[in-house]
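Work through these exercises with the structure open beside you. Try each task before you read its solution.

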Amino acid sequence: MTVVIRSNEVRRGNRGLILSSVRMGGLVSRTDIGRKTGLSAATVSAITSDLIADGFLIQPADANQASSSSGRGRPKVALSVNPMAALIGVVIFQLNGVSAAVVDYSGATISETTHELSSADLSRESIRDALVGCLREALNSSGQNERLLMRIAVSIQGVTDVSGKYLLWSPITDHRDLPLAGWMRQAFSVPASVSNDCDLMARALNRREPERYGTSFASIMLSYGVGMGLFLRGNIINGLNTSGTEFGHMVFQPGGALCRCGRRGCIEAYAGDYAIQRAALGRPEDALPPAPSTHIDIKQIADLAHAGDPKAVHAIEEAGRAIGTGLVSLFALVDAFPVALIGQGTIVFDQMEASIRKALQGAVAGEGTSIDIHCFADEKPLVAEGCALTALVVLDEEIADAAVI
């Protein structure tokens with residue numbers, strides 16, 4: 001019995017390796033798969049044949065069949081994942097909007113739709129109806145059979161439970177403990193999960209740029225709030241019970257400026273867009289942060305700073321010091337790594353970079369000036385990519401687990 005169980009475990013693992021290899025490669029030969037996975041030619045041939053028979057891999061008719069480098073022997077037959085093997089539902093609930101997309105098994109978007117709404121004014125039932133209705137509309141416009149829908153992934157700006165079932169808290173709504181995954185499962189009869197948007201952006205960068213973000217890095221969201229997705233040694237880091245890492249609510253100045261979370265002195269209370277605006281306009285630090293629905297033109301503040309306005313310059317530099325100081329504390333625990341800054345707040349990066357690096361200098365074994373920092377102004381493509389990737393990875397694992405003797 002032990003031998004049988006072990007054999008199944010190995011086969012599941014090998015199926016998973018092969019699916020991942022083909023998904024990453026896009027169009028690869030069995031020889032390429034063997035080279036990437038280290039599996040024998042016989043194992044690769046047997047498993048890919050099974051996956052083709054099951055409908056998860058295909059040999060595209062129009063794919064180039066590359067000959068071997070010597071020009072001899074049989075040509076290498078290219079394989080890819082079968083786009084129509086399954087559909088994934090992606091739902092993004094963010095400030096004043098919900099969007100949904102239908103993604104095929106290859107990761108390509110088939111259809112998508114977006115609705116504007118006032119997230120702060122919605123009842124629990126209205127939130128449920130908005131999420132379900134948006135995905136239903138995307139499915140209807142896709143022209144695909146809904147029975148192909150295998151999984152749903154939901155992104156939320158806020159804190160979720162580590163099991164991916166509930167939205168525990170979010171700055172975009174006053175409601176707590178929303179069973180988002182349960183709502184989607186009930187409506188579409190397929191498994192669903194909910195994730196923090198910063199985690200999803202980090203997952204997308206990890207897959208998109210493995211040479212830079214393949215092992216350890218942080219993706220920091222700079223918008224009306226400040227959040228972080230953290231990878232260490234190739235794994236996403238979450239709390240014991242909740243998703244994400246609350247970088248924005250680490251203390252920068254004890255007893256300092258009022259944060260939207262209700263506490264004082266948080267990094268977000270200096271680096272969130274509402275905080276930068278508050279300081280640039282000379283408002284007191286204990287002034288209540290505006291409602292999340294309030295539009296804040298961070299570019300206007302950037303323009304003031306470029307024109308030499310001292311309050312705007314100070315506000316942006318203080319935001320940089322808050323971010324840099326937070327990174328110093330983080331690096332003291334786990335060593336330095338690359339940082340991706342994401343969102344509309346990156347528009348002032350050129351004006352805050354010096355203060356970020358000054359905070360880092362001397363506090364990270366002299367590495368402050370050389371730490372790799374890149375900016376991504378638009379977070380939505382990363383969130384959507386990370387959302388789809390999360391669902392596809394789980395689906396691949398389920399397909400691998402279907403291996404039986």
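The exercises below concern a predicted model.

**Exercise 1. The whole chain**

Task: Find how many helices and strands the protein chain has, and decide how its radius of gyration relates to the globule rule.

Solution:
- Step 1. Start with the elements. The protein chain has 13 helices and 15 strands.
- Step 2. Take the radius of gyration, which is 24 Å. For 405 residues, the globule rule gives 22 Å.
- Step 3. Compare. The two values are close, so the chain is as compact as a globular protein of that length.
- Step 4. Add the dimensions. The C-alpha trace spans about 70 × 50 × 45 Å along its principal axes.

**Exercise 2. Inside and outside**

Task: State what share of the residues is buried, and what share of the accessible surface belongs to carbon and sulfur atoms.

Solution:
- Step 1. Apply the cut-off: buried means under 20% relative accessible area. Of the 405 residues in the protein chain, 50% are buried.
- Step 2. Turn to the surface. Its accessible area is about 18,400 Å². Carbon and sulfur atoms account for 51% of that.
- Step 3. Look at the charges. There are 35 positive and 42 negative ones, and their mean positions lie 7 Å apart.

**Exercise 3. Strand 14**

Task: Which strands pair with strand 14, and in what sense? Are its residues buried or exposed?

Solution:
- Step 1. Locate strand 14 at residues 339-342.
- Step 2. Find one partner. Strand 11 (residues 217-222) runs parallel to strand 14, and four bridges join them. Here Met221 stands opposite Ile342.
- Step 3. Find another partner. Strand 15 (residues 373-376) also pairs with strand 14 in the parallel sense, over four bridges. Ile342 stands opposite Phe376 in this pairing.
- Step 4. Check the faces. Val339 and Leu341 lie on one side, Ala340 and Ile342 on the other. All four are buried, so both faces of the strand are covered.

**Exercise 4. A three-stranded sheet**

Task: Give the strand order of the open three-stranded sheet and name its edge strands.

Solution:
- Step 1. Recall the principle. Strands of a sheet pair through backbone hydrogen bonds, either parallel or antiparallel.
- Step 2. Read the order, which is 1-3-2, with antiparallel pairing.
- Step 3. Pick out the edges. Strand 1 (28-29) and strand 2 (57-58) each pair on one side only.
- Step 4. Inspect one pairing. Two bridges join strand 1 to strand 3 (residues 78-81). Val28 stands opposite Leu79 of strand 3.

Note on methods:
Residues numbered from 1 in each chain as written. Predicted model: local features only at pLDDT ≥ 70, side-chain atom pairs only at ≥ 80, totals over all residues. Heavy atoms only, no water. Buried < 20%, exposed > 50% of the residue type's maximum accessible area, 1.4 Å probe, protein only. Pairing = 2+ DSSP bridges. Rg over C-alpha atoms; globule rule 2.2 N^0.38 Å. Areas by Shrake-Rupley, 256 points an atom, 1.4 Å probe, with all protein chains shown as cover. Lys, Arg positive; Asp, Glu negative; His and termini not counted. Charge placed at Lys NZ, Arg CZ, Asp CG, Glu CD.
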